[in-house]
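Q: Please pick the surroundings of the ligand and look at them closely with me. I am new to structures, so please explain each term as it comes up.

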Amino acid sequence: MTNPTANEDDPLFRHLPTIRSVAELRAQVKDWRAQGLRVALVPTMGALHEGHLSLVQLGLENADRVVTSVFVNPTQFAPGEDFEQYPRNEKKDLALLREAGAHALYAPPVAEMYPDGASTTVHVDGLTDCLCGPVRPGHFDGVATIVTKLLLQGLPDVAIFGEKDYQQLQVIRRLVRDLDIPVDVLGGPIVRDRHGLALSSRNAYLSAEERETALVLISTLRAIADKCIRDRNHLDEHRAWGEAEIRMAGFDRVDYLDIRDAETLAAMDYLDRPARILVAARLGKTRLIDNIPLDPPAR
Ligand code: AMP
């Protein structure tokens, strides 16, 4: 039986080890494997919220042991981005992971992930040329490199990512396939607050007023989807309408609002196959991203 008042001094409190090195991670995973257990990895940058925890839950449903990594990866922040300000709270993350039922936190220091002289980068072509790619130079190289390293370090059976970062999920699926990394990649649906705002560690930067304005993202994506389903031949008109809505609502900049093939992220003129509507826009100092699926209506 769980003890709701348990604290760390309580012997009933479930221990959740914090792993700091590649060697310890490998030893832990090897030990679980020797017991015939299936291992899931959930990579994050911390400041955990319900969105991350839903991925831990997905891990528990698809494996026997779940490791969550927390690493604010410097190489995926473009120059001038919020690497320094990015929220960090390991103690709170640990408590949330324990409550969610994770089995280990992997939180390596930067020097463990990028030892002196590290000079190899993983670059995924094509998929990174659109959407966030041109706006965040170097971002996907940083993501692809760190995810490749995490997968090779832990060699989990399954790795879990959120559809919140939809382009990132497609990039990771591609690199896993291209580099023959023996892992199943699973994507989890976006978790939203009760108003529809996609949860994000960066929402902490928003003022109360900006939070209100931010809701226009999801309402506009949904309205575009309705328009596209009613009229499948004018996707760009619906897209342009949505972009204007977001600007008028008070966003400072729309980095992109696009309708793309759900798998290849190729541009689409007609709704003839599964698509995704994706947006990135800036509100004050906060850059928000969101996306929803758009499937052609059944004939
Ligand atoms: P981050 O810590 O922002 O790098 O995110 C770590 C993982 O959590 C990524 O795979 C994200 O796509 C996923 N994630 C972040 N926010 C959400 C959300 N609201 N719903 C589902 N997954 C999320």
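A: What follows goes from the ligand outwards to the sheet behind part of its shell. This is a predicted model, in which local features need pLDDT of at least 70 and side-chain atom pairs count only at pLDDT 80 or more, whereas totals for chains, interfaces and linings use all residues. Residues are numbered from 1 along each chain as its sequence is written, and side-chain values use heavy atoms, with hydrogens and water left out.

There are 17 residues around the ligand, and those that come nearest are Met 45, Gly 162, Asp 165, Val 191 and Leu 199 (a residue is near if one of its heavy atoms lies within 4 Å). Sorted by class, this shell holds 9 nonpolar, 6 polar and 2 charged residues, where Asp, Glu, Lys and Arg count as charged, Ala, Val, Leu, Ile, Met, Phe, Trp, Tyr, Cys and Pro as nonpolar, and the others, Gly among them, as polar.

Some pairs of N or O atoms lie within 3.5 Å and count as polar contacts. Met 45 places a backbone N or O atom 2.9 Å from an oxygen atom of the ligand, while His 52 brings a polar side-chain atom to 2.9 Å from an oxygen atom of the ligand. At Leu 199, a polar backbone atom is 2.8 Å from a nitrogen atom of the ligand. The protein buries 93% of the 480 Å² that the ligand exposes when taken alone (accessible areas by the Shrake-Rupley method with a 1.4 Å probe).

Three elements, β2 (39–44), α2 (50–62) and β5 (158–162), each supply at least two residues of the shell, and α2 gives the most, with 3 residues. Here helices (H or I, at least four residues) and strands (E, at least two) are DSSP runs, numbered from the N terminus.

Both β2 and β5 belong to an open sheet of 6 strands with parallel pairing, in the order β1-β4-β3-β2-β5-β6 (two strands pair if DSSP finds at least two bridges between them). At the edges of this sheet stand β1 (18–19) and β6 (184–188), each with a single partner strand, so one side of each has no neighbour in the sheet. Strand β5 runs parallel to β6 and is joined to it by 5 bridges, and Val 158 has Asp 184 in β6 as its bridge partner.

Elsewhere on this sheet, helix α3 (residues 90–100) lies across β1, β3 (65–70) and β4 (104–106), running at about 145 degrees to β4. Contact here means heavy atoms within 4.5 Å, and the angle, on a scale from 0 to 180 degrees between N-to-C directions, uses axes fitted to C-alpha atoms, for helices over the stretch in contact.

Terms used:
A polar contact is a pair of N or O atoms within 3.5 Å; within protein, one must be able to donate a hydrogen and the other to accept it, and residues adjacent in sequence count only if both atoms are side-chain atoms.
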